[in-house]
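User: I should like to learn how to read the features of a protein model. Could you please guide me through one?

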Amino acid sequence: MQKIPFNELVNVVVEKDGLVELNADILDSPLANIDNMPVKIKDRNWSLWSLACLWIGMAVCIPTYMLGAGLIDQGMNWWQAILTITLGNFIVLIPMVLNAHAGTKYGIPFPVLLRSSFGVRGANIADIMRALVACGWFGIQTWIGGDAIYQLLCKTFCPSFSELSKIPFIGLNLAQLGCFLLFWLINMLIIYKGIGSIKVFENLSAPFLIIIGLGLLYWAYNEGGGFGPMFVTTTKFASKKEFFKVFVPGLTAMVGFWATLSLNIADFTRYTKSQKAQVIGQFLGLPTTMAFYSFIGIAVTSATIVIYGKAIWDPIDLLAHFNTLLLVMISLVSLSIATLTTNLAANVVAPANNFSNLAPKKISFKTGGFITGIIGIVIMPWKLIETTNAYIYTWLIGYSALIGPICAIMVCDYYLIQRTRLDLLELYKPDGKYRFYRGFNLAAIISLVVGIIPNIPGFLCAGGIISKEHVPQFFIEMYSYAWFIGFIIAFILYAVLYKVIRYERGIK
């Protein structure tokens, strides 16, 4: 059968039960490759339980445990921390479900969906911003796995490792750096062989971490004298004003934690059977799992205050305090395996797709995975979670300032401007209706920049780049609302600019 040139194709779609399928061969397009093609309706077989289980697998991870533990370390009591986490996850669930709609309806991944609002070239800007955040998460999870190996060696064969001097600038000793690079190399080898090679272990990742979490909870219950003493630990805040100074940035951080997935959720929901499946599946999987596993982190960290007189928010550090060698070995090995599989599933798919979208014909999914790994080293992820302040205020809130405006533009364009109707074939045309002005939707680019700017002073202050004395208090307080501020500004501005600029989609 002769292949029809891309520019001679007609836009033929098949609609069934509210789902749309492209009935044309578009691989000739420079914007298409085998990884970003629309999923055929017959292949969209994920049920609501499939999506719920996906969320359980991604949400049950060490950073989730550290969320609740971090809030306890910041001064909250157990119910304040649970409230903050649960509320934050219900808030982020709204854009999550909204952005998932296009993935389910059209079977397209996030980078392709971005073209409808940012333009076929402008989409690369938002793509890279999302990818860099994912690289940060990849580095953090890799550091956690490497640190587990390091703590295991210090407890067993090489106790002298802990006495090594730290390397200037890097902030790690040679053994810590070596364990991190070893765990990183294991990740890279699996990416080289293909993500499918870990399917046997992938389903074990969540059970491993649940078992470890419940084990720590049981230990905390026994050593802490039951749940009573753990939860008697009172808040450190003397007034409501002091509480809200931690609650507001804490809530923003909770939203920011999964704000990344609220952008590229279409990468997963493109495989779901129906909108009902993706909505119910996400409601069942995300907030419940986050509340449950965060509760474990909260309870155990509260117990460490009773047992050790201080909050130990890092579970690896806590496990290293145990005296039973066999228990420490089993826990740390299990934690390393679980972190490996969670990392590859949650933090490789998005950036690999994003980098591939920059040059679909030259950068494959596998190459995108290698780029992710290299950036994951360069950012020195151990510094991002060195303290609860760095983890919550610099990392989580910091990148939420970037993610909020992108999310707002996507939601505004898809629902308010396009009314959920996309021209599927045009998304793959370099000179089609989504080219806008030379490939860029100026309304989206301007809205993105303006949505980010107000949070820059607060971020520079939180990151220690400039001192508080040089930043007006107004901007410091505004930064606590970073995701919300960016979302609101970008949403309103995009809706206005799109009407003002009044260019037709497809302008050259």
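Analyst: The discussion below moves from the overall fold to burial and then to aromatic pairs. This is a predicted model, in which local features need pLDDT of at least 70 and side-chain atom pairs count only at pLDDT 80 or more, while totals for chains, interfaces and linings use all residues. Residues are numbered from 1 along each chain as its sequence is written, and side-chain values use heavy atoms, with hydrogens and water left out.

User: How many helices and strands does the protein have?

Analyst: Helices (H or I, at least four residues) and strands (E, at least two) are DSSP runs, numbered from the N terminus. The protein has 21 helices and two strands.

User: What radius of gyration would a compact globule have with 508 residues?

Analyst: The radius of gyration is taken over C-alpha atoms, and the globule rule is 2.2 Å times the number of residues to the power 0.38. For 508 residues the rule gives a value near 23 Å, and the protein, with 23 Å, agrees with it.

User: How much of the protein counts as buried?

Analyst: A residue is buried under 20% relative accessible area, exposed over 50%, and partly exposed in between (1.4 Å probe, protein chains only). Of the 508 residues, 58% count as buried. Helix 4 (residues 110–118) is mostly covered, with nine of its nine residues buried; among them are F110, R115 and F118. After helix 4 comes G119, whose phi is positive, near 95°.

User: Is S480, in the loop between helix 20 and helix 21, buried or exposed?

Analyst: S480 counts as buried, because its relative accessibility is 15%. Contact means heavy atoms within 4.5 Å. Leaving aside neighbours within four places in sequence, S480 is in contact with V248, P249 and T252.

User: What describes a pair of aromatic rings?

Analyst: A pair of aromatic rings is described by the distance of the centres and the angle of the planes. Rings of Phe, Tyr and Trp (its six-membered ring) pair if their centres lie within 6.5 Å; planes under 30 degrees apart count as stacked, over 60 as edge-to-face and the rest as tilted. The structure holds 22 aromatic pairs. The ring centres of W143 and F180 lie 6.3 Å apart with planes at 55°, so this pair is tilted. Both W143 and F180 are buried. The rings of F487 and F491 have centres 6.0 Å apart and planes at 20°, so they are stacked.

User: Where do F487 and F491 lie?

Analyst: Both lie in helix 21, four residues apart, about one turn of the helix. F487 is buried, at 17% relative accessible area, whereas F491 counts as partly exposed at 26%.
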